[in-house]
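Here is a small set of exercises to work through with the model open in your viewer. Try each task before you read the solution below it.

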Amino acid sequence: MAQIRVENLHKSFDQFAAVHGSNFTIEDGTFFALLGPSGCGKTTTLRMIAGLELPTSGRILLDGDDVTFRRAAQRDIAFVFQLFALYPHMNVEQNVGFPLKCQGTTRRQIKERVRETARLLRIEDLLSSKVSKLSGGDRQRVALGRAIVRRPKAFLMDEPLGALDAEFRQLMCGELRDLHDRISATTIYVTHDQLEAMSMADRIAVMNAGKVEQIGTPQEVYDCPASMFVADFIGSPPMNFLPFAGGLRSGDRTIEFCSVSVAVPEVREERAVGPLVLGVRPEHIGFSDAAALRGRVFGSEYLGTTQIVTVDMEAGRLKARLPSSISVRLGETVGVTFKSDSLALFDGQTGRAVHTANHWDDRHG
Amino acid sequence: MASVGIRQVSKRFGNVQAVSELSLVVNDGEFVVLLGPSGAGKTTTLRLVAGLEQPDAGSVHIGGRDVTRDPPGTRDIAFVFQQYSLYPHLSVYDNLAFPLRSPARRVVEADIRRRVEQTADLLHISGKLKNPATRLSGGEMQRVAIGRALVRDPSVYLMDEPLSSLDAKLRAELRLELKRIQVELGATILYVTHDQVEAMTMASRIGVIKDGKLLQVGTPREIYENPVDYYVAGRLGLPPINFIPADVLPELPMPAGTRTLGVRTEHVQLGKANGAGFVGRVHRVEHLGDQNHVHLECRNQMLVTLADPHQPVTPGEDVAIRLVNPLYFDGQGHRLQTAVRQG
């Protein structure tokens, strides 16, 4: 298994810079997600690590070895595409064993390794089955088996669960992570689905327009987003943004928002008067008759334990996650409160987070 | 607007009993969602109401009138399909006006203009009326498709997974819009989907359908808190409800005949292990930001619970488990009622 290091990686296609200046290190055994919308450069980054694209500049190191210009086949990496691609004319055993056969492994060894892989994926009883007879989940397991049978240094996966419906996807996420826990292979997983990244990854790199915006654990990028882009991309519903104008002084514990004083985490930098944005996660909003901030209920969506209540405020539309035991009526006016120590502040022009006491390093030393 | 009555309707295709003895009333101004997996018979039910299929038995009533033998055109319904099929050579305005320009209707052009503008306003696409239909985003196209149904002002709307081809963000936005429009118009809607979130968030009442049979009809809250059987209990809730064989927990008091317990993820509560009660070992913690999903093993059963994201639990750790408000099911999967109500 291996550590993967990306240094100052650039890739341009003609005029278009697909990736500019990525730097990150993925420690051995980490499940690392590259998360971002389509066109953000995540797949290009993955393809460069795999050796399917050559970078315009920068270096890629696999266990300290510079592999930047090495052929894909010489990198000892397994690339998993959409998991469904199986050879229809072969049975499960032949499908799983195929990569070894291509390498010229002896028949006895192939048999042994395929058995071992099948045990790991719990598909031992399917080895002689025809691929066409398999259920969707089993096909995915076979495709995974084909990737892990070689025991490569790392796995690269490009939206492997993209084509599945929500419930099945969640099941496969659990299986992929379980498998990772069993074999601890360094894995880079590309996805545009924040839920997949959050539920599986040890660390997430959020990409936007060819740049890595933030790298951190799932809880870190959720609690302390480095930018409005990250705050908006992660979480469902995403973070609410309420624009306002004002200046900030280091040590401030309140802001003046819509002529109401709102408590915020202690500000740790100075800012001249300008456009700012208050960021509030839906679950950090409460209703209280006494609150000075008022809004009108636009809609309520029941979700079982919780409900999402949409409130129109002077500064914009808010989505609040509340216990479903609270009853709200459409059109009624409500007082809105915020859980002050979890709020975020952003620069309204650059979208970057303002440094406050709610900063991951400040909270976790 | 009008009510829809489906009475004891059955429909068979070859060997497949697509719908069997299904009865359902959609009251005037109600938003009823039929929820079920593919092949459950939900689209067939919709097509039977529309008149696109003829039932083998039973009857369909719209506005109190038996329409079972009436052709689709005379039923005064509008059908919205999953794939928005707009006329690519027409503008948004002309797409919306198209149903009104049907020779059978004879709506004067001034009325058409008024109705199209009203509808566009309702759907927040007024600024796009002059656009060619092809120069719209996916969400806008689906709005126009829904608009084409609204503009006719029919008695009943039938919708077949109209949001499933959209991406997650747009879907969430249009869910809220569709519900708002339905409330504003007081529209009667029969809507089918396999997406439990759509059903929970929009429906006045949900009908859970499986193998052509309607298993339960009720408000989202009734279906979630008070499912009639094992299947319905597993249909709503993400992550799904935990099912535990009764013999795994012999010390737990439960009604006679209980074979399976159902415990919602939010009803498995974790505490410090103190040697007593049920103990589970944490396998994996999923961080979803606003909450954690904790996967744990208790007496060889895998359970999933919701936990506060900042509650410290680590894989390998033993925790005490408390089960709150379990649901009890017998050997056939039927719910055994108890005095305990969910709160």
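**Exercise 1. Find how strand β1 (residues 4-13) of chain B pairs with strand β4 (residues 57-62) of chain B, and place both in their sheet.**

Step 1. In this predicted model, β1 and β4 of chain B pair in the antiparallel sense, over five bridges. Strands here are DSSP E runs of at least two residues and helices are H or I runs of at least four, numbered from the N terminus; two strands pair if DSSP finds at least two bridges between them.

Step 2. Pick one bridge to check: R7(B) has S59(B) in β4(B) as its bridge partner.

Step 3. Now widen the view. The open sheet holds four strands in the order β2-β1-β4-β5 (chain B), with antiparallel pairing. β2 (16-26) and β5 (65-66) of chain B are at the edges with a single partner strand each, so one side of each has no neighbour in the sheet.

A word on conventions before you go on: residues are numbered from 1 along each chain as its sequence is written, while chains are lettered from A and ligands numbered from 1 in the order in which they are written. Because the model is predicted, local features need pLDDT of at least 70 and side-chain atom pairs count only at pLDDT 80 or more, whereas totals for chains, interfaces and linings use all residues.

**Exercise 2. Describe the surroundings of strand β8 (residues 189-193) of chain B.**

Step 1. Start with burial: five of the five residues of β8(B) are buried. A residue counts as buried if 20 or more other C-beta atoms lie within 10 Å of its own, exposed if 12 or fewer, and partly exposed in between, with C-beta atoms placed from the backbone.

Step 2. Separate the faces. I189(B), Y191(B) and T193(B) lie on one side, L190(B) and V192(B) on the other, and both faces are covered.

Step 3. Look for partners. Strand β3 (residues 31-35) of chain B runs parallel to β8(B) over five bridges, and L35(B) stands opposite T193(B). β7(B) is also parallel to β8(B), joined by four bridges; there, Y157(B) stands opposite I189(B).

**Exercise 3. Check the length of helix α4 (residues 138-150) of chain B and find what covers this helix.**

Step 1. The expected span is 1.5 Å times one less than the number of residues. For the 13 residues of α4(B) that gives 18 Å, and the end C-alpha atoms are 18 Å apart, which agrees.

Step 2. Of those 13 residues, 11 are buried, including E140(B), R143(B), I146(B) and L150(B).

Step 3. Their cover includes β6 (77-80), α2 (92-97), α3 (109-122), β7 (156-160) and α5 (168-185) of chain B.

**Exercise 4. How is each chain divided into domains, and how far apart are the domain centres?**

Step 1. Chain A has domain 1 (4-228) and domain 2 (238-364); the bounds come from an automatic or database domain assignment. Their centres, taken over C-alpha atoms, are 37 Å apart.

Step 2. Eight residues from domain 1 of chain A and 10 residues from domain 2 of chain A make the contact, where two residues are in contact if their C-beta atoms, placed from the backbone, lie within 7 Å.

Step 3. Repeat for chain B, which has domain 1 (4-234) and domain 2 (240-336). Here 38 Å separate the centres, and seven residues of domain 1 touch nine residues of domain 2.

**Exercise 5. Characterise the side of chain A that touches chain B.**

Step 1. Count: 22 residues of chain A are in contact with 21 residues of chain B.

Step 2. Locate: α5 (166-183), α6 (194-200), α7 (218-223) and β16 (293-302) of chain A each supply at least two residues of chain A's side.

Step 3. Classify: that side has nine nonpolar, eight polar and five charged residues. Ala, Val, Leu, Ile, Met, Phe, Trp, Tyr, Cys and Pro count as nonpolar, Asp, Glu, Lys and Arg as charged, and the others, Gly among them, as polar.
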